[in-house]
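Q: Please take a close look at the sheet in this structure. I would like a connected account of how the strands are arranged and paired, and of what surrounds them.

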Amino acid sequence: PQKHDYSIACMPADGIGPEVIAAGVEVLKALSEASGDFKLSFQDYDWSSETYKKLGKYIPDGGLEDLRRHDAILFGAVGAPDVPDHISLWGLRLAICQPLQQFANVRPTKILQGTESPLRKAKTGDLDWVIVRENSEGEYAGQGGRSHQGQPWEVATEVSIFTRHGVERLIRFAYEIAQSRAKKHITVVTKSNAQRNGMVMWDEVAAIVAKEFPDVKTDKMLVDAMTCRMVLQPESLDTIVATNLHADILSDLAAALAGSIGIAPTSNLDPTRKNPSMFEPIHGSAFDITGKGVANPVGTFWTASEMMRWLGEEQAADRLMECVEKVCGRGVLTRDLGGTAGTKEVTDAVVAEIRSSY
Ligand code: NAI
Ligand code: MG
């Protein structure tokens with residue numbers, strides 16, 4: 001029997017993280033109460049750039065083991081103006097994703113009702129994608145080094161690591177997602193003309209995995225041409241699979257094409273379910289708007305919905321997104337979407353919508 005009682009680790013971290021995560025928790029509590037279908041208990045983790053500045057590390061000793069006790073992790077954003085970005089990213093986010101084997105980063109994108117794409121011809125329904133990003137190796141494996149630092153003859157290497165095991169499990173998972181969607185269509189993105197080793201292996205592995213999914217239609221794109229296709233023929237795409245770096249870039253483009261970086265969610269999944277998965281809005285800590293009460297909480301609401309879906313609460317996940325879209329459709333929008341509402345107004349409106357929908 002499925003359990004309906006979940007323990008969530010809440011990690012707001014930096015900048016607008018605490019603002020949007022508080023909004024997300026409020027909405028999740030409303031959803032749990034109104035539906036009566038499931039229970040959530042939240043445990044707060046204050047790991048952030050503040051902890052790093054005080055203690056010299058983001059994650060306390062034994063911290064990762066402690067995280068493993070939870071069913072899921074709800075994460076805000078990490079990054080502070082006075083900490084180099086590579087320190088904060090590697091110190092917290094990647095330090096969780098990598099040991100917890102969250103090897104698939106899944107980023108759905110669509111044009112929500114009431115919002116506008118910067119693409120003149122694209123309307124709600126025309127752009128509805130899921131980008132599946134390799135999240136454990138590739139260009140962000142951390143291999144490389146620097147010699148003769150600061151000298152004119154300095155050498156730096158940044159080595160991409162592609163393991164057949166890592167590529168195959170990710171591509172297979174992407175095909176499973178493609179198969180679960182109405183269009184059953186996947187675009188495998190590489191750069192196998194210029195990057196003639198790892199990317200050629202990606203293409204080969206994709207061709208083998210494709211045979212396991214005869215009902216999924218496959219097409220292949222080079223990453224540079226893919227940017228054009230995303231802009232010019234958004235309706236021709238559905239599920240997209242790419243490397244860590246390529247999909248990182250494509251998914252920011254996707255978020256912008258859908259209207260704002262403030263609405264997009266991302267899931268860091270361990271598809272084997274041996275470890276808890278981590279869910280976060282795709283935006284960063286947004287220092288420029290921190291503390292002003294204007295951060296768009298929709299990215300976190302959609303993130304919360306993806307988390308509930310992963311936990312098996314499909315109905316609650318769908319209901320939450322319906323409520324968010326209704327609120328957006330009524331024009332209750334933050335400034336990044338051209339509206340005037342603050343974080344609180346949008347949150348209150350979504351909570352009210354949830355309550356009245358049951
Ligand atoms: P950012 O996503 O924080 O901000 C980019 C722009 O989008 C800013 O103008 C910001 O105000 C706006 N924006 C972002 N989220 C918004 C929201 N919810 N509502 C309304 N507007 C929003 O990216 P940026 O400025 O490149 O990075 C800031 C810091 O965040 C850096 O330290 C970076 O390393 C970190 N970062 C962390 C991420 C994570 O934790 N996964 C992801 C991206 C960046
Ligand atoms: Mg990014």
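A: In this predicted model, ten strands form an open sheet with mixed pairing, in the order β2-β1-β3-β12-β11-β4-β5-β10-β8-β9. Its edges are β2, residues 39–44, and β9, residues 217–222, each of which pairs on one side only. From one strand to the next, the twist averages 25°. Strands of a sheet pair through backbone hydrogen bonds, and they may do so in either the parallel or the antiparallel sense.

An antiparallel pairing is found between β4, which spans residues 104–110, and β11, which spans residues 265–269; three bridges join these two strands. Within that pairing, Val106 of β4 faces Ser267 in β11 as its opposite residue.

Strand β10 (residues 239–242) deserves particular attention. In the order of the sheet, β10 stands between β5 and β8. With β5, residues 128–134, the strand β10 pairs in the parallel sense over four bridges. The pairing with β8, residues 185–190, is also parallel and comprises three bridges. Val241 takes part on both sides: this residue of β10 is the bridge partner of Val132 and also the bridge partner of Val188.

The side chains of a regular strand alternate between the two faces of the sheet. In β10, Thr239 and Val241 lie on one side, whereas Ile240 and Ala242 lie on the other. All four are buried, and both faces of β10 are thus covered.

Turning from the sheet to a helix, α1 comprises 19 residues, 17–35, and reaches 27 Å from its first C-alpha to its last, close to the 27 Å expected at 1.5 Å a residue. Its buried residues include Val20, Ile21, Val27, Leu28 and Leu31, and Gly17, Pro18 and Glu19 at its start are buried as well. Gly36 follows α1 and has a positive phi, near 65°.

As for the wider setting, an unreviewed UniProt entry annotates residues 7–350 as "domain: Isopropylmalate dehydrogenase-like". Over that range the chain is 39% helix and 22% strand, with the end C-alpha atoms 23 Å apart. The model also contains ligand 1, which has 21 residues around it; Gly79, Gly262, His283, Gly284 and Asn296 come nearest. The shell around ligand 1 is made up of eight nonpolar, eight polar and five charged residues.

Notes
Residues numbered from 1 in each chain as written. Chains lettered and ligands numbered in written order. Predicted model: local features only at pLDDT ≥ 70, side-chain atom pairs only at ≥ 80, totals over all residues. Near = placed C-beta within 6 Å. Nonpolar A, V, L, I, M, F, W, Y, C, P; charged D, E, K, R; others polar. UniProt positions renumbered as here; feature names shortened; annotations may be inferred. Expected span 1.5 Å × (residues − 1). Buried ≥ 20, exposed ≤ 12 C-beta atoms within 10 Å, placed from the backbone. Pairing = 2+ DSSP bridges. Axes fitted to C-alpha atoms, helices over the stretch in contact; angles between N-to-C directions.
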